[in-house]
Amino acid sequence: MATNPQIDPRALREAFGTFMTGVVIVTSRSPDGIPIGFTANSFSSVSLDPPMLLVCPGKFLTQYQNFTECSHFAVSILNEDQEAISNAFAGRSTDRFAETQWHCGPDNMPLITDALAHFCCRREQSIVAGDHAVLLGEITAFNSTPGLPLGYHRGTYVNLTRERDTAAITARQRCVGALLHDGETVFCQADGSELSLPALQVPAGANPRDTLQDHLNAMGIVAQLGQVYSVFQDQQTGQEHCYYLAQLDPHRSNVALTAVEQGDLCQRPLNNPAITSMVKRYLSEVKSGGFSLYLGDEERGDLHDLNLRRT
């Protein structure tokens, strides 16, 4: 177990990340009345009598001093559909309130519209704690509505409805495959002029990730499976398809694979138009740095932000 002063901040952040938290927006007003806010997952209830909570603004915040000296602040707990709001308040945008639906609550505190719960607080104490401050407040007003919260775990948002729906779809018998990638390149199997992605039929009840990983290992493919990237149904055959992102280690893999770039897909499409479309989407998204989960059929479906970011 690491002890001071040898603690690696990156390792410590990863250890903290093993605990799943909710996501909140902390808001207040600057001395001249301008709404200010930031995204936090360091939020905790402290006491029921008197009602108190705490949040932890970081010293890196532009409005750090205003938060530690404010007379009042508010906390809005985000619902699972408010990832975009979390990203807006976590970034450096100066238009975060202009881009977000919000309204004024008690003490003129800005509140995020459609959040699961709001807490308006009178600041009781600010305690400097390393590179953050502990902002302790007494709750003066609150409300809550039914719904599911937006979660945060190991640097990634957790959408409970999306996770449930994906698990339900992948629980049936289906074709499970891997979108093998390394940076801006996708790797395919070649059978003559036909390209395909490694896949196999997985019976109902079997673990799709473990079964696919065993299949790749048996083929001599060394790859780290990531999140589910595309789940779709072939309307003509009724076949369910489920593809995982898979980070390929091309130097350790003991199998011949064909590297595919964006332009190559026009000349050599894959053996299934839906899979060709999926690969095109990946190659487009990898350039923009944001990735989406596809749920639907081979013609139409919905995209859900996976909140994966290239590093």
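Accessible areas here come from the Shrake-Rupley method with a 1.4 Å probe, and for residues only the protein chains shown count as cover. On that basis the protein chain exposes about 16600 Å², and carbon and sulfur atoms supply 51% of that area.

Before going further, a word on the model. It is a predicted one, where local features need pLDDT of at least 70 and side-chain atom pairs count only at pLDDT 80 or more, while totals for chains, interfaces and linings use all residues. Residues are numbered from 1 along each chain as its sequence is written, and side-chain values use heavy atoms, with hydrogens and water left out.

Now for the chain itself. Of its 311 residues, 43% count as buried, meaning under 20% relative accessible area with a 1.4 Å probe, protein chains only. You'll find 7 helices and 21 strands in it; these are DSSP runs numbered from the N terminus, with helices being H or I of at least four residues and strands E of at least two.

Let's look at one sheet. It is open, with 7 antiparallel strands in the order 3-2-6-9-10-5-4; two strands pair if DSSP finds at least two bridges between them. Strand 3 (35–40) and strand 4 (43–48) each have a single partner strand, so one side of each has no neighbour in the sheet. From one strand to the next, the twist averages 30 degrees.

Inside this sheet, strand 5 (residues 51–55) and strand 10 (residues 132–144) run antiparallel and are joined by 4 bridges. One to look for pairs M52 with E138 in strand 10.

Methods:
Buried means under 20% relative accessible area, exposed over 50%, partly exposed in between (1.4 Å probe, protein chains only). Axes are lines fitted to C-alpha atoms, for helices over the stretch in contact, and angles run from 0 to 180 degrees between N-to-C directions.
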